[in-house]
Amino acid sequence: MFVLGIDPGLSRCGYGCVSGPVGDERAIAAGVITTDLELAVPRRLAMLRAELVELIDEVKPDVVVVERVLFQTNARTAMSVGQASGVALLTASEAEVEVVEYSSNEVKLAIAGYGSATKAQVQSMVTRLLRLPAVPSPPDIADALALALCHLAASRTATAMSR
């Protein structure tokens, strides 16, 4: 299964593509889509959508995993993350790719074994699980890769339980 994880954000939207069998998962591509803070929000959302359309068309994932936005302490951040999340969900759906959402705590539990793991702990585990030469930077990349790894783990568990 080829999974594209998306850590939504309007300023920085992380993405990470992961594939491979259990224990031999590999990061195929990863990066950050950025938008210009000087532009109006509708223009930035359109730019994000265009970049995501291009990315999905290029990597052709089997599934797109987006972080479910549950809570943000800063209302302004919550709004922009929610808007970026909506763009990611819509773009994947329009591309007729399966879309799945996981909360931050679900991802932390799957990757670090602890639902309240720190960002550094998740980054460390992503680096270790994917045998990366360095911790992905900025952290949005590690978060996107963690989303993809979380879905691979959940899919394998579901498959094993259905047998």
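Glutamate 94 is partly exposed, with 44% relative accessible area; the term covers values between buried (under 20%) and exposed (over 50%), using a 1.4 Å probe and protein chains only. Its partner is arginine 49, and the two form a salt bridge. That term means a side-chain nitrogen of Lys or Arg within 4 Å of a carboxyl oxygen of Asp or Glu.

This is a predicted model, where local features need pLDDT of at least 70, side-chain atom pairs count only at pLDDT 80 or more, and totals for chains, interfaces and linings use all residues. Residues are numbered from 1 along each chain as its sequence is written, and side-chain values use heavy atoms, without hydrogens and water.

The count is 7 salt bridges. Three pairs are among them:

| Acid | Base | Closest N and O atoms |
|---|---|---|
| Glutamate 94 | Arginine 49 | 2.6 Å |
| Aspartate 57 | Lysine 60 | 3.8 Å |
| Glutamate 106 | Arginine 68 | 3.5 Å |

Arginine 49 sits in helix H1 (residues 41-59) and glutamate 94 in helix H2 (residues 75-94), so the bridge ties together parts 45 residues apart in sequence. Helices (H or I, at least four residues) and strands (E, at least two) are DSSP runs, numbered from the N terminus. Arginine 49 is partly exposed at 35%.

Aspartate 57 is exposed at 53%. Lysine 60 is exposed too, at 54%.

Glutamate 106 belongs to helix H3 (residues 104-112), and arginine 68 to the loop between strand E4 (63-67) and H2, so this pair links parts 38 residues apart in sequence. Glutamate 106 is partly exposed at 36%. Arginine 68 is partly exposed at 31%.

Shared partners also join Asp24, Arg26 and Arg131 into one salt-bridge network.
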